[in-house]
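Trainee: I'd like to learn how to read a model like this one. Can we go through it together?

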Amino acid sequence: MDKKNNKARGGVRSAAPLDVTVGARIAARRMALGLSQTVLGQKVGVSFQQVQKYENGQNRIPASRLHSLAQALGMPIAALFPQQADAAENEELILFRAMTATPEGRRLANGFARIEDAAVRRAVTQLVEVLARAA
């Protein structure tokens, strides 16, 4: 067995692209619902640290836990998986992970998801774009 798939022997396993995709979709849905990692963990019987590891693809999710997560998030399991791998989706996941890698980014994503007025969302988006250009 190669090292990257054998943690028991002391090897380090890198995140598989599918694990990262599923984790990012769990994180996106959790934030859209306004749930903390702690609350989601409580709903499925794991610690918030375990939810973090699932969301960043560090730990693979057992089938029974995947089912529990999908139920807790109010979505079908199939929605956690890509229909087909395409470059645009991978770019979106990369951007999403970069944004949510910091506490400020997670707060921004969480707050933005709660804005119901489309005009306000557009205004916030324009403000962030202007600020990013100025930085």
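Trainee: Let's start with R30: in which helix is R30 found?

Mentor: Before that, some ground rules: this is a predicted model, where local features need pLDDT of at least 70, side-chain atom pairs count only at pLDDT 80 or more, and totals for chains, interfaces and linings use all residues. Residues are numbered from 1 along each chain as its sequence is written, and side-chain values use heavy atoms, with hydrogens and water left out. Helices are DSSP runs (H or I, at least four residues), numbered from the N terminus. R30 sits in helix α1.

Trainee: Is R30 buried or exposed?

Mentor: Buried means under 20% relative accessible area, exposed over 50%, and partly exposed in between (1.4 Å probe, protein chains only). R30 has a relative accessible area of 5%, so R30 is buried.

Trainee: And what does R30 touch?

Mentor: A contact means heavy atoms within 4.5 Å. Leaving aside residues up to four places away in sequence, R30 touches L35, S36, Q37, L40, E55 and L73. There's a polar link too: a polar side-chain atom of R30 lies 2.9 Å from the backbone oxygen of L35. For a polar contact, look for a pair of N or O atoms within 3.5 Å; within protein, one must be able to donate a hydrogen and the other to accept it, and residues adjacent in sequence count only if both atoms are side-chain atoms.

Trainee: Which residues touch the most other members of the largest nonpolar core?

Mentor: A nonpolar core is a set of buried Ala, Val, Leu, Ile, Met, Phe, Trp, Tyr and Cys residues joined through side-chain atoms within 4.5 Å. Here the largest one has 15 residues, and V22, I26, L40, I61, L69, L73 and L80 touch the most other members. Helices α1 (17-32), α2 (37-44), α3 (48-55) and α4 (63-72) each supply at least two of its residues, with the largest share, 3 residues, coming from α4. As for L40, its contacts beyond four places in sequence are I26, R30, V51, L69, A72 and L73.

Trainee: At what angle do α2 and α3 pack?

Mentor: Fit lines to the C-alpha atoms over the stretch in contact, then take the angle, from 0 to 180 degrees, between N-to-C directions. For α2 and α3 that angle is about 100 degrees, with the axes 8 Å apart. This makes α2 roughly perpendicular to α3, a label that covers 65 to 115 degrees. Where they meet, Q37, T38, L40 and G41 in α2 face F48, V51, Q52 and E55 in α3.

Trainee: What about Q71: buried or exposed?

Mentor: Q71, in helix α4, counts as exposed because its relative accessibility is 57%.

How values were computed. Angles under 35 degrees count as roughly parallel, over 145 as roughly antiparallel, 65 to 115 as roughly perpendicular and the rest as oblique.
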